[in-house]
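This report describes the fold, the core and the ligand surroundings of one protein chain. Please keep the sequence and the model at hand while reading.

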Amino acid sequence: MGEHERSCETLAGSRRAAGEAGDLFCIVRFKAEREIDLNNREHDLRPGERAVAAPAPTDASLTFVGVIRTPWTDRAQCPRQGSPDGPVCVIEVFPPWVEALDGVDGRERLEVLYWLHESRRDLVAQSPRGGVVRGTFSIRSPVRPNPIGTAIVRLVRLEGAILHVRGLDCLDGTPLLDLKPDRSLFGAPAPDETSSGR
Ligand SMILES: C[S@@+](CC[C@H](N)C(=O)[O-])C[C@H]1O[C@@H](n2cnc3c(N)ncnc32)[C@H](O)[C@@H]1O
């Protein structure tokens with residue numbers, strides 16, 4: 001068993017009590033360690049390629065609060081952006097975050113943030129359709145230094161820890177980062193709300 005597999009084992013063991021969230025955490029941590037190693041293999045550079053002194057990675061300690069279930073198991077099958085007429089998908093929220101869903105069923109639309117866990121993270125220029133090459137920050141490609149995806153979804157129904165929604169565009173098993181009410185549903189804040197800073 002290699003060094004990475006050992007650390008992955010340890011992490012998975014220590015997080016097992018947290019259920020599936022632990023396994024997802026393990027996968028992402030494992031990938032991060034592998035990426036750091038790949039950056040150090042300068043002898044693998046091809047003629048003309050250039051490596052930069054990338055800043056040391058920092059750990060934002062993200063917590064996966066759930067998992068997204070969709071009909072898509074292959075990136076090529078996924079829509080490029082979700083549609084309000086897309087298939088009903090399921091967002092499963094893990095304990096202990098289920099209580100945080102209080103009030104969500106009163107929201108018509110939600111903003112979903114998710115971790116595009118199958119993405120590489122090292123491209124600064126890319127051509128997702130094989131056409132024009134563009135800077136990563138000018139496009140919504142899943143390939144980015146921090147592969148966070150966002151979608152506005154329509155809430156179909158909420159059943160306990162399970163949300164049924166339309167409008168997603170991610171792979172089955174994509175880790176859930178956060179849920180927020182769609183900001184376009186908010187008008188200008190009332191004066192007493194402004195003072196709370198929230
Ligand atoms: C263009 S991205 C848009 C994501 C999000 N709506 C956004 O704008 O931030 C959607 C594409 O990401 C890819 N994708 C979906 N889920 C993924 C995952 N878990 N890991 C890596 N790539 C994924 C699929 O190719 C999908 O068509």
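Two strands are taken to pair if DSSP finds at least two bridges between them. By that criterion, this predicted model contains a closed barrel of six strands in the order 1-2-7-6-3-8, with antiparallel pairing. Neighbouring strands of this sheet are turned by 45° against each other on average, direction being ignored.

**Overall layout**

The secondary structure of the chain amounts to three helices and eight strands, and from the N terminus on the elements follow the order α-α-β-β-β-β-β-β-β-β-α. Buried residues make up 19% of the 198 residues in the chain. Among the contacts with a separation of 6 or more, 69% are accounted for by residues 24 or more positions apart.

**Strand pairing in the barrel**

The table lists strand pairs of the barrel, each with its number of bridges and its sense.

| Strand pair | Bridges | Sense |
|---|---|---|
| Strand 1 and strand 2 | four bridges | antiparallel |
| Strand 2 and strand 7 | five bridges | antiparallel |
| Strand 6 and strand 7 | five bridges | antiparallel |
| Strand 3 and strand 8 | five bridges | antiparallel |

Individual bridge partners place these pairs in register. V67 has E92 in strand 2 as its bridge partner, and E92 in turn stands opposite I162 in strand 7. I91 stands opposite L163 in strand 7, while R157 stands opposite H164 in strand 7. On another side of the description, the bridge partner of V112 in strand 8 is L179.

**Two faces and one core**

In a regular strand the side chains alternate between the two faces of the sheet. Strand 2 has a covered face made of C89, I91 and V93, and an uncovered one made of V88, V90 and E92. Strand 7 likewise has a covered face, with L163 and V165, and an uncovered one, with I162, H164 and R166.

In soluble globular proteins, nonpolar side chains tend to be buried together. Here the largest nonpolar core has 22 residues, and those with the most contacts inside it are I68, I91, V112, V153, V165, L168 and L176. Two or more residues of this core come from each of strand 1 (66-69), strand 2 (88-93), strand 3 (109-115), strand 6, strand 7 (162-166) and strand 8 (174-181). Strand 3 supplies the largest share of the core, four residues.

Which residues does I91 touch, not counting residues up to four places away in sequence? With that exclusion, I91 touches G66, I68, V112, L163, V165 and L176. I91 thus appears on the covered face of strand 2 and also among the core residues with the most contacts.

**The turn between strand 6 and strand 7**

Strand 6 and strand 7 form a hairpin with two residues between them, and G160 in the turn has a positive phi of about 65°. A161 has its place in the loop between the two strands. Is A161 buried, exposed or partly exposed, given its C-beta neighbours inside 10 Å? A161 counts as partly exposed because 15 C-beta neighbours lie inside 10 Å, whereas a buried residue would need 20 or more and an exposed one would have 12 or fewer.

Not counting residues up to four places away in sequence, A161 touches E92, V93 and V98. A161 and P95 are 66 residues apart in sequence, yet their C-alpha atoms are 8.4 Å apart in space. P95 is joined to P96 by a cis peptide bond, with omega at about 5°, and P96 is found in the loop between strand 2 and strand 3.

**Surroundings of the ligand**

There are 19 residues around the ligand, and of these R75, C78, E118, P142 and C170 come nearest. The residues of this shell divide into seven nonpolar, seven polar and five charged. Strand 6 (residues 148-159) gives the most to the shell, with three residues. Strand 6 therefore enters the description in several ways, since by DSSP runs numbered from the N terminus the same element contributes to the ligand shell, to the nonpolar core and to the hairpin with strand 7.

Terms used. Residues numbered from 1 in each chain as written. Predicted model: local features only at pLDDT ≥ 70, side-chain atom pairs only at ≥ 80, totals over all residues. Near = placed C-beta within 6 Å. Nonpolar A, V, L, I, M, F, W, Y, C, P; charged D, E, K, R; others polar. Core = buried A, V, L, I, M, F, W, Y, C linked by C-beta atoms within 7 Å. Contact = placed C-beta atoms within 7 Å. Axes fitted to C-alpha atoms, helices over the stretch in contact; angles between N-to-C directions.
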